[in-house]
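Reader: I would like a careful, close look at one part of this model, namely its salt bridges, with the cut-offs spelled out. Please set those pairs against the rest of the chain, too.

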Amino acid sequence: MSLTAKWFRSHAWVVALIGLVLEAAATIPFALLDAPETSAALALLIAAAVAFLVGPRWGALVAAAGWALFFVFVVDHAVRALVALPVWLAAAVLTGLASDRLRRAERERRRDASELDAVRGDETQAIVGLDLEGNILTWDRGAERIYGHTEAGVSDADVSLLGTEEDTAHILAALERVAKGERVDRSHLRQRGRNGEELLVSMALIPVRDDRGIVAACAVISDGTERVHEAERRYRALVEALPLVTLISAPNDRSTVTYVSPQVEQMLGYSPTDWQDDPRLFGKLLHPDDKDEVLAGSKRKSSGAAPRKTEYRLLARSGGVVWVREEVATVRGPEGKPLYTQTLLMDIGERKRADEERERLLAAERDATARTVERQRRLDFVREAGHVLSSSTDYRSAIQRVAELAVRDYSDWCVVDVVEEGSPLERVAVARAELLSKKATAAPDQVPEEAVRKVVDTGGLEIVPPLGEASNGRKNGAILSGIDARSAICVPLRAQERTLGALTLARTQSGETYGADDLALAEDLAGRIALAIDRGRLYRAVEERADAARVVAHVADGVLLVDRRGVVRLWNPAAEAITAIQAGDVLGHSAVDAIPGWKDAMDTIPVSSSPDPGQPEVVIPFETDGGERWISISGVNFYGGTVYAFRDLTEVHHLEELKADFIATASHELRTPLAAVYGAAQTLLRHDFALDEGGRNRFISLIADESERLGRIVNEILLANQLDAGRLDLGTEPFDSVEVVERVVEATQAYAPAEVSLTVNTGEQLPLVAGDKDKVRQVLVNLVENAIKYSPDGGTIEVGVAAQDADVRFWVRDEGLGIPEGEEQRIFEKFYRLDPQMSRGVGGTGLGLYICNELVSRMGGRIWVEANGQKGSMFMFELRAAEPALTPEARAEAVELHGFVTRARRVPHR
């Protein structure tokens, strides 16, 4: 049947095709017989058969096809036949669904039967039928193999045949729950076989129902005896390999020991047999101090799952004591029933000894930690004191702060006495602990005590009471007078083998006396204070020397120190600048060898024994790489050698020379016009010499020209003086540079020599110039006159102006004597003249170019000179432009407003 159904399911389309053919056979012939009811019944039966065989979908398809054939051929498209279509389809679908349900039920039945056969064939399982009162109804081969009873032997028997009364009661209680419809599982049931052997089984009780309800129970029994025995063998192998003792006993009853691992003999000297033969052995081996507590704890029932842990001592057979750690756990079944108690004993003797050693080490560590903390506290105090002492060079205030730190933890009083250089012992710091009574009037004297003086004089120390002795309330020899000290220390302040004072610490309150550690602390603190004092004094001395060194390094006078052997020991920066000799070239060398001309000059230098005011000096020349220098020098002797101080008087000497040249030149320049004026005036005053009108006019013109020349010289001198004194005010207004250039050229052309030709060169659309118009005109006049003066052979002089970026550049180019190379900057110096001896017949005061330079600089411009090719020179200066350039028409209009007209660029001599 099953194979046929599978064939139909796998060939559904074939079955459907056969059904369609049968539908045609059931409808088309009946169209001629006029029997529609018969045709419809056959067609519907065929569709139901197909649905039953291959399912509702194929059945519905065949039903729809059969109805279509019936509708077309039998009823001839009668409308009433449409009502039958849903009926046909519903019948086919319902038949298919019913077929599917029957098939599923059949499959489940066959699967259950197969599983039941598999269970019945398992020799380790059995199926026993029980009624609800516990009577055995069925007994299979598995039950016969497990229990040994045949089916005939258990007829009319109940479950009491299989186990103890306790197990029987458990099974009957489970059957009561089965009667209520529950499934009950029981494991670790101890039952008996036919021969009385103990069996350990698991049982599942399942309700059995019929139309009356639950009528019986099916007991599925699994034999776990072999598994339990195998588990026990594995358990024993495991516990016997562990480094501990395992005891198995009845729940909460140590006297019924069922198993003891062999490790117990190695631990205590008693074999497992000894433990099983003497149930009271455990109590006998308990240490008397632990016995009551351990036995009381073993009587308490453990309700939790966690094991009970205890540590106690047992007495070994050898007489020794063994520390053990006990863990007791009660093993329970699935129902929570205690099965047995497992006790684990671990030898913790090594751990206990390690714990005792650890406790000893911890105690030693605590002591060491306390000592370390105390030492760290002392180190912190020393570090803080060192920081205070090193943070200030004022050692008196630092010592006072350190004394206040000392009384915070280490003393009730702290006193520091210091010996100043050239002064007696002085008390510089006194500090008192804050815990002392505010009303206490006792205090150390302000004058150092005799004991303190003794420490300072001898360099020894004083400690009261002496080391190793206790105070015991007795009054000891006092170090500090004025206070009643229980213990005191006085140590010297020593630095560089010198005693600088003393440090005294005293305790007046109850407490320990000073010991060796305190003495070491006091000596360390005293050493730091002594170093601070010594460092403060050295710092003060170094500061004094540094101040002197800074003065020497920054003084404008050169300073030279020559020791008694004639070796240079000091050569300050001013000496380097004056002589152009580097310090590295003279320091450590003989002055005669290192300083040029020193051998000849040293005998002329005045040297005194003290730096008295008004000390005489001598001015001597000194040759350097930069030329000759004139220095003023004098010296002072002292115990280490001779100190020479010298100043550079080169500029003063040069100025004096310039002044002398200026006086000579000015005298010459003034004498010439004065002589001409004087001669002309004397000639006009003579009555013995008759002059016609033309001759008188010539002499008067001569007097006027020379007077004007004399006035220009005087004006130059006055203007130079105003520039030096800063009393010259300059205006700033925009002006036309072309106009100024043309007017200067026109004015100069009137008195220029015939051999000199002046030309004007100006650019187009020049901007206005921001400056003082009159002073710019004076600069141009000076430059043009200077060009004429230094062009004794004549030539062309060009005066021009042009735009230069944001500035306006003026220039005067000549073809005269020119400027020697290297003199381009010096010609702008005051009183400087290229031909001071007037060898070329060129005179002057030497102030013209100086005045030009000063005026241009003060208007924010610059002036310089360049060579004019191979002949002559070109003087140029630039000033700031004021605004954009003027057009030629605007410039012409501006010139006409001033009463001038533009001229040709070249102005010939008239």
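Author: The salt bridges come first below, and the surface and backbone follow.

The model is predicted, so local features are reported only at a pLDDT of at least 70 and side-chain atom pairs only at pLDDT 80 or more, while totals for chains, interfaces and linings use all residues. Residues are numbered from 1 along each chain as its sequence is written, and side-chain values rest on heavy atoms, with hydrogens and water left out.

A salt bridge is counted here when a side-chain nitrogen of Lys or Arg lies within 4 Å of a carboxyl oxygen of Asp or Glu, and by this rule the count comes to 34. One of these pairs joins Arg-813 to Glu-798, whose closest N and O atoms are 2.4 Å apart. This pair links distant parts of the chain, with Arg-813 in strand β26 and Glu-798 in strand β25, 15 residues apart; helices (H or I, at least four residues) and strands (E, at least two) are DSSP runs numbered from the N terminus. The two partners fall into separate burial classes, where buried means under 20% relative accessible area, exposed means over 50%, and partly exposed lies in between (1.4 Å probe, protein chains only). Glu-798, at 19% relative accessibility, counts as buried, whereas Arg-813, at 23%, counts as partly exposed.

A second pair is formed by Arg-396 and Glu-426, with the closest N and O atoms 2.9 Å apart. Arg-396 lies in helix α15 (residues 395-409) and Glu-426 in strand β12 (residues 425-432), so the pair ties together parts that are 30 residues apart in sequence. Both ends are partly exposed, Arg-396 at 31% relative accessibility and Glu-426 at 32%. In a third pair, the side chains of Arg-325 and Glu-327 meet with an N to O distance of 2.5 Å, and here Arg-325 is partly exposed at 22%, as is Glu-327 at 21%. Beyond these pairs there is also a network of salt bridges, which links Glu-311, Arg-351, Lys-352, Asp-355 and Arg-358.

Charges without such partners can also be followed on the surface, where patches are made of residues with over 30% relative accessible area and no salt bridge; like charges are joined within 9 Å, and nonpolar side chains (Val, Leu, Ile, Met, Phe, Trp, Tyr) within 5 Å. Lys and Arg count as positive and Asp and Glu as negative, with His and the chain ends not counted, and the place of a charge is taken as NZ of Lys, CZ of Arg, CG of Asp or CD of Glu. On that basis Arg-101, Arg-104, Arg-107 and Arg-111 gather in a patch of positive charge on the surface. Arg-111 sits in helix α6 (residues 84-121) and is partly exposed, with a relative accessible area of 44%.

The nonpolar counterpart is a surface patch of about 580 Å², made by Trp-13, Leu-17, Leu-20, Val-21, Trp-58 and Leu-61. The elements that give two or more residues to the nonpolar patch are α2 (12-27) and α5 (56-74), and α2 gives the most, with four residues. Leu-17, which belongs to helix α2, is partly exposed at 47%. For the whole chain, the exposed area is about 50,900 Å², of which carbon and sulfur atoms supply 54%; these areas come from the Shrake-Rupley method with a 1.4 Å probe, and for residues only the protein chains shown count as cover.

The wider fold gives these pairs their setting: the chain has 27 helices and 29 strands, and buried residues make up 39% of its 910 residues. Taking a contact as heavy atoms within 4.5 Å, residues 24 or more positions apart account for 56% of the contacts in the chain with a separation of 6 or more.

Finally, returning to the strands that hold Arg-813 and Glu-798, the loop between β25 (795-804) and β26 (807-813) contains Asp-805. Asp-805 has a positive phi of about 55° although it is not a glycine, and Asp-805 is exposed, with a relative accessible area of 78%. Gln-765, in the loop between β23 (756-762) and β24 (767-771), likewise has a positive phi, of about 50°, without being a glycine, and Gln-765 is partly exposed at 48%.
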